[in-house]
Amino acid sequence: MIRFNPNINFMKLGKYIFPISLIIMLISILLVFLIKMNLGIDFTSGTRFDMTLLNDGKYIKIEQIEDAIKKTELKNNFTVKELGAEKTKNAQIFSIISQQSFDETNIANTIVGHLKINPESYTPNQATTISPKMGEELVNSAFLSLGIAIILILVYITIRFNSFFALSSILALIHDVSITIAVFIVFGLEISLPIIAAFLTILGYSLNDTIVVFDRIRENLNLSKKNENVFSITNKSVNQTLSRTILTSLTTLIVLIILYFVGSYLIKLFTFALIIGVIIGTYSSIFIASFSFTILYNKYSHLLNKPESEENQN
């Protein structure tokens, strides 16, 4: 068995890293409100049409597809994406998305005619249309899901631990999700319902990681001596759970990275969000959740109804 007994002074590092993290989090939140997100048709309403084109070994450029569609009723009101992970030597899959409803057959025939290929060279894969009303309902449901998740987490942590742990965990969760969303905004990546599911998954993963550390902090607080300060207790707790944290994150990342390289376009976006979330979640459980709890407990522990040790004895 490999012994891993680190003695890293995370709390000392946290004095410098924590303020920087808060600044990055605030910038990320500002980006969410100031920069328009690249929302999928799940939220904006519209039509998505995926089609496979046989290219006889001659690569078809996205610009060629765009030139063809501009001749239709869509004009410039559309975007074209190639689902690169699913292309082969003789076939490519394109996704045509527009907030305006359109006739998929007419679009496909126009593309085939423009490319001067055999009419049998294309296969319609899927066509999805979201009405404005449905899009509005999906937006409301997405925000409601995130809101309910955060409230339930706050209640759960407060009951299981105390309010200091709860506030610290919520700060870490907001940090994780806001930065992940900011990355999608900066790179112009599409945010759809599967991505919202990824954000909820990030909440769960980050919370699980944080609870493991918090559980050890609470245990060490109960076993601590009166003259031992909370900074040293938290630091010891983080070091004791570090091996578990690293192993869990690495095994999760390995699976996600494999999925990213073999998955389709939507799977790539989903796994990309999770990869960011796992990395940031692991980081935040140490430098955001643990450090912010230490600050709160060190300054305001007298506000608790009972000392931590009495709570657990009862």
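**View 1. Four strands form an open antiparallel sheet in this predicted model.** The strands follow one another in the order E2-E3-E1-E4. Strand E2 (79-82) and strand E4 (122-130) stand at the edges, and each has a single partner strand, so one side of each is left without a neighbour in the sheet. On average, neighbouring strands are turned by 15 degrees against each other, with direction ignored. Strands of a sheet pair through backbone hydrogen bonds, in either a parallel or an antiparallel way. In this sheet the pairing is antiparallel.

**View 2. Strand E1 pairs with E4.** Strand E1 covers residues 46-54. Eight bridges join E1 to E4, and the two strands run antiparallel. Which residue of E4 is the bridge partner of Gly46? The partner is Ile130. Thr47 stands opposite Thr129 in E4.

**View 3. Strand E1 also pairs with E3.** Eight bridges link E1 and E3 in the antiparallel sense. Within this pairing, Asp50 stands opposite Ser95 in E3. How many of the nine residues of E1 are buried? Eight of them are, so E1 is largely enclosed by the rest of the structure. A residue counts as buried when its relative accessible area is under 20%.

**View 4. Helices H3 and H4 lie across strands of the sheet.** Helix H3 is made of residues 62-69 and lies across E1, E2 and strand E3 (91-98). The helix runs at about 150 degrees to E2. Helix H4, residues 104-115, lies across E1, E3 and E4. The angle between H4 and E1 is about 40 degrees.

**View 5. Ser285 lies in helix H9.** This helix spans residues 265-300. Is Ser285 buried or exposed? Ser285 counts as buried because its relative accessibility is 0%, and the cut-off for buried is under 20%. The side chains of Ser285 and Asp209 are joined by a polar contact of 3.5 Å. With neighbours within four places in sequence left aside, Ser285 is in contact with Asp209, Thr210, Val213 and Ser290. Asp209 therefore appears both in this list of contacts and in the polar contact with Ser285, where heavy atoms within 4.5 Å make a contact and N or O atoms within 3.5 Å can make a polar contact.

Notes. Residues are numbered from 1 along each chain as its sequence is written. This is a predicted model: local features need pLDDT of at least 70, side-chain atom pairs count only at pLDDT 80 or more; totals for chains, interfaces and linings use all residues. Side-chain values use heavy atoms; hydrogens and water are left out. Buried means under 20% relative accessible area, exposed over 50%, partly exposed in between (1.4 Å probe, protein chains only). A polar contact is a pair of N or O atoms within 3.5 Å; within protein, one must be able to donate a hydrogen and the other to accept it, and residues adjacent in sequence count only if both atoms are side-chain atoms. Two strands pair if DSSP finds at least two bridges between them. Axes are lines fitted to C-alpha atoms, for helices over the stretch in contact, and angles run from 0 to 180 degrees between N-to-C directions.
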